[in-house]
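Biologist: Please take a close look at one pairing of strands. Then follow the chain outward from there.

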Amino acid sequence: MRFLSIGECMAELAPSGDPGHFRMGFAGDTFNTVWYLRALRPDIHGAYYTAIGMDTISDKLLEEMDAIGIDTSWISRRPDRTIGLYLIELLNGERSFSYWRNSSAAKCLADEKAALIKAVAAADIIYFSGITLAILEPYARDSLLDTIREAHEFGKTVAFDPNLRPGLWPDTKTMKKTVMRGAEMSNIVLPSFEDEAFHFGDIDPAATIERYVSAGADRVIVKNGPHPVAFFHQGNRDTVPVSQIANVVDTTAAGDSFNAGYLAELDRDIPQQEMIAAASRVAAKVIQSHGALVQL
Ligand code: AMP
């Protein structure tokens, strides 16, 4: 199984514990998922598709990916740009985020259509998110969606996390319309209920399922924090409870790691309930530690 994740990875500056000092790392929703997939299934070929700069911080990101065995051969390098950055600050125990990503190299990730087509053609599973779509200019978004649609029509498996982030979109109408376009060409949609309810007005996870099934998804897995995961698969609808965690430390990357846990089971012939239980075990570990990337 060859997995290709498409999106943006940023440099992360997180509080080190020593006031005024920060620790640097790398994170980003689609990157986190391929990172966890590699951790869970080193036997699966996992590639990341993005654009980065030609500076030392971009070199460092590439080294980090290479070190954990993510295939970086599709990553394009731009002399005029660098990677995005975000800073986490703790204000009265609450995390607040500041972003510098408006001119990040990843915004150009879909500019080389021929390379994109090749990368997608070499994969069995293509994974992207609403954030991947949000960071692109309309022409680049269309180009990416056209490429993914063709792959889907060709019979590739496409997995999509709507990851609704209104701050990255010009307006919520565009966000909702584009996310539904993304879902149309996806076999597997992995939304988080809280965001979907807020932006689409879904009254319960079943409503989220129906909306994405009507768009054309074969499987919809609705994450819902500590509440059961609702799913649709081959005409069946059911729910799977998640482990109850007494001490939730940091929910960063809960959804990204859940998605990796689920996709890591795709090539095993096991029931949906087991796939979802495995995914929620991964997310349960992740939310009991600080940071997006937790050693499993
Ligand atoms: P979310 O995207 O926030 O709905 O979370 C993704 C997954 O992380 C959920 O389906 C759960 O498996 C896990 N998760 C998130 N928050 C919690 C929590 N408070 N307690 C237990 N599991 C959680």
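Modeller: Start at Glu-12, whose bridge partner in S7 is Tyr-86. The model is a predicted one: local features need pLDDT of at least 70, side-chain atom pairs count only at pLDDT 80 or more, and totals for chains, interfaces and linings use all residues. Residues are numbered from 1 along each chain as its sequence is written, and side-chain values use heavy atoms, with hydrogens and water left out.

Strand S2 covers residues 10-15 and strand S7 covers residues 85-91. (Strands are DSSP runs of E with at least two residues, helices are runs of H or I with at least four, and both are numbered from the N terminus.) S2 and S7 run parallel, joined by three bridges. Two strands count as paired if DSSP finds at least two bridges between them. Leu-13 also has a place here, opposite Leu-87 in S7.

Now go back to Tyr-86. Tyr-86 also stands opposite Tyr-99 in S8. S7 and S8 are antiparallel, with seven bridges. They make a hairpin, and two residues lie between the strands. In that turn, Asn-92 has a positive phi of about 50°.

Next, the whole sheet. Four strands make up this open sheet, in the order S3-S2-S7-S8, with mixed pairing. At the edges are S3 (22-27) and S8 (94-100), each pairing on one side only. On average, neighbouring strands are turned by 25° against each other, direction ignored. Angles here run from 0 to 180 degrees between the N-to-C directions of lines fitted to C-alpha atoms, for helices over the stretch in contact. Helix H2, residues 56-67, lies across S2 and S3. H2 runs at about 65° to S3. Contact means heavy atoms within 4.5 Å.

There is another open sheet, this one with eight strands. Its order is S4-S1-S9-S10-S11-S12-S13-S14, and its pairing is mixed. S4 (45-49) and S14 form its edges, each with pairing on one side only. Inside it, S11 (residues 188-189) runs parallel to S12 (residues 219-222), with two bridges joining them. Val-189 stands opposite Val-220 in S12. Helix H8, residues 205-215, lies across S11, S12, S13 and S14. H8 runs at about 150° to S12.

At the end of the order, S13 (residues 229-233) and S14 (residues 236-240) run antiparallel over five bridges. His-233 has Asn-236 as its bridge partner in S14. S13 and S14 also form a hairpin, with two residues between them. Gln-234 in the turn has a positive phi of about 45°.

Finally, the ligand. Its shell holds 16 residues, and the closest are Ser-192, Asn-224, Gly-225, Ser-280 and Ala-283. A residue is near the ligand if one of its heavy atoms lies within 4 Å. An oxygen atom of the ligand is 2.7 Å from an N or O atom in the side chain of Ser-192. For Asn-224, a polar backbone atom lies 3.3 Å from a ligand oxygen. For Gly-225, a polar backbone atom lies 2.7 Å from a ligand oxygen. Taken alone, the ligand exposes 470 Å², and the protein buries 86% of that (Shrake-Rupley method, 1.4 Å probe). Helices H9 (254-263) and H10 (272-286) are the elements that give two or more residues to the shell. H9 gives the most, with three residues.

How values were computed:
Polar contact = N/O pair within 3.5 Å; in protein donor to acceptor, adjacent residues only side chain to side chain.
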